[in-house]
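User: Could you take a close look at one part of this model for me? I'd like a connected walk through it rather than a list.

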Amino acid sequence: IGLQVTDITPTPSLNGEIAVPATPALIDLTIYLPDETGTALVVTTVPAEDSPKGILSALVAAGALPDIDYGQTITCTVADEELDYGDILYDGVYVHLDLPDTFAQAIRASDTTTQKLTLQILANTFLTHYEADGLLLSIAGTDLETVSGRYDQPILLDQFVPVQVDTTAQP
């Protein structure tokens with residue numbers, strides 16, 4: 001027997017009028033996309049909701065992230081901190097992003113080049129938006145593990161894939 005839960009919370013009203021939820025503020029979001037060769041990233045700006053879910057939605061809409069169910073709750077914090085990994089010490093601003101296992105499954109289903117490209121797109125976009133030094137990505141509270149490695153340290157800007165330099169720009 002399946003159980004279906006329906007939200008029966010009444011909609012608040014103001015003087016008999018139905019309250020309409022405010023439209024989330026849209027921002028101009030800098031996102032990173034694969035270039036035509038899939039070996040470098042290009043930068044573009046798109047309108048997006050100013051939230052972690054809004055950032056993910058913009059990347060999915062641009063075809064840069066897997067179109068999967070990211071769930072309703074995405075945990076994202078930004079902290080100025082010192083991270084000690086024994087032989088490596090990181091000091092700066094770090095984004096902690098926890099995504100569902102569906103994201104890890106989609107990453108694992110792709111080849112190594114696509115994995116690194118997708119993770120770099122995610123990292124660069126979040127790092128640029130939050131003006132951070134590194135992205136600590138977790139999957140349902142644990143490290144992401146793929147055939148190409150375990151991601152248990154911050155992913156840095158342009159760590160796996162470079163941003164394509166515009167060689168047509170005039171001085």
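Which residue has its charged end over the ring of F160?

Analyst: Keep in mind that this is a predicted model. The residue you're after is K116: its charged end sits over the F160 ring, 4.5 Å from the ring centre.

F160 has another partner too, namely Y151. Their ring centres are 5.9 Å apart and the planes meet at 80°, so this pair counts as edge-to-face, the label for angles over 60 degrees. How exposed are these two rings? Y151 is buried, at 8% relative accessibility, whereas F160 is partly exposed, with a relative accessible area of 25%.

Now for Q120, which also touches F160. Q120 is found in helix α3, residues 112-130. Its relative accessible area is 0%, so it is buried, given that the cut-off is under 20%. Setting aside neighbours within four places in sequence, Q120 is in contact with L41, and also with I155, L156, L157, D158, Q159, F160 and V161. On the polar side, the side chains of Q120 and N124 are joined by a contact of 2.7 Å.

One of those contacts, L41, leads to the strands. Strand β4 covers residues 41-49 and pairs with β3 (residues 26-34) in the antiparallel sense, over nine bridges. In that pairing, L26 stands opposite E49. The hairpin has six residues between the strands, and G38 takes a positive phi near 75° there.

There's another antiparallel pair, β5 (residues 75-84) with β6 (residues 89-99), this one over 10 bridges. Here D84 stands opposite L89. Four residues lie between these strands, and G86 has a positive phi near 80° in the hairpin. β6 also pairs with β7 (residues 134-139), but in the parallel sense and over six bridges; V95 stands opposite L135 in that pairing.

Back to the rings, to put the F160 pair in context. A search of the whole structure finds five aromatic pairs. One of them is Y70 with F103, a tilted pair at 6.2 Å centre to centre and 40° between the planes. Y70 lies in the loop between α1 and β5 while F103 is in helix α2, so the pair ties together parts that are 33 residues apart in sequence. Y70 is buried at 7% relative accessible area, and F103 is buried as well, at 0%. Finally, Y85, Y90 and Y94 form one aromatic cluster.

Terms used: Residues are numbered from 1 along each chain as its sequence is written. This is a predicted model: local features need pLDDT of at least 70, side-chain atom pairs count only at pLDDT 80 or more; totals for chains, interfaces and linings use all residues. Side-chain values use heavy atoms; hydrogens and water are left out. Helices (H or I, at least four residues) and strands (E, at least two) are DSSP runs, numbered from the N terminus. Buried means under 20% relative accessible area, exposed over 50%, partly exposed in between (1.4 Å probe, protein chains only). A polar contact is a pair of N or O atoms within 3.5 Å; within protein, one must be able to donate a hydrogen and the other to accept it, and residues adjacent in sequence count only if both atoms are side-chain atoms. Contact means heavy atoms within 4.5 Å. Two strands pair if DSSP finds at least two bridges between them. Rings of Phe, Tyr and Trp (its six-membered ring) pair if their centres lie within 6.5 Å; planes under 30 degrees apart count as stacked, over 60 as edge-to-face and the rest as tilted. A charge sits over a ring if NZ of Lys or CZ of Arg is within 6 Å of the ring centre and within 35 degrees of the ring normal.
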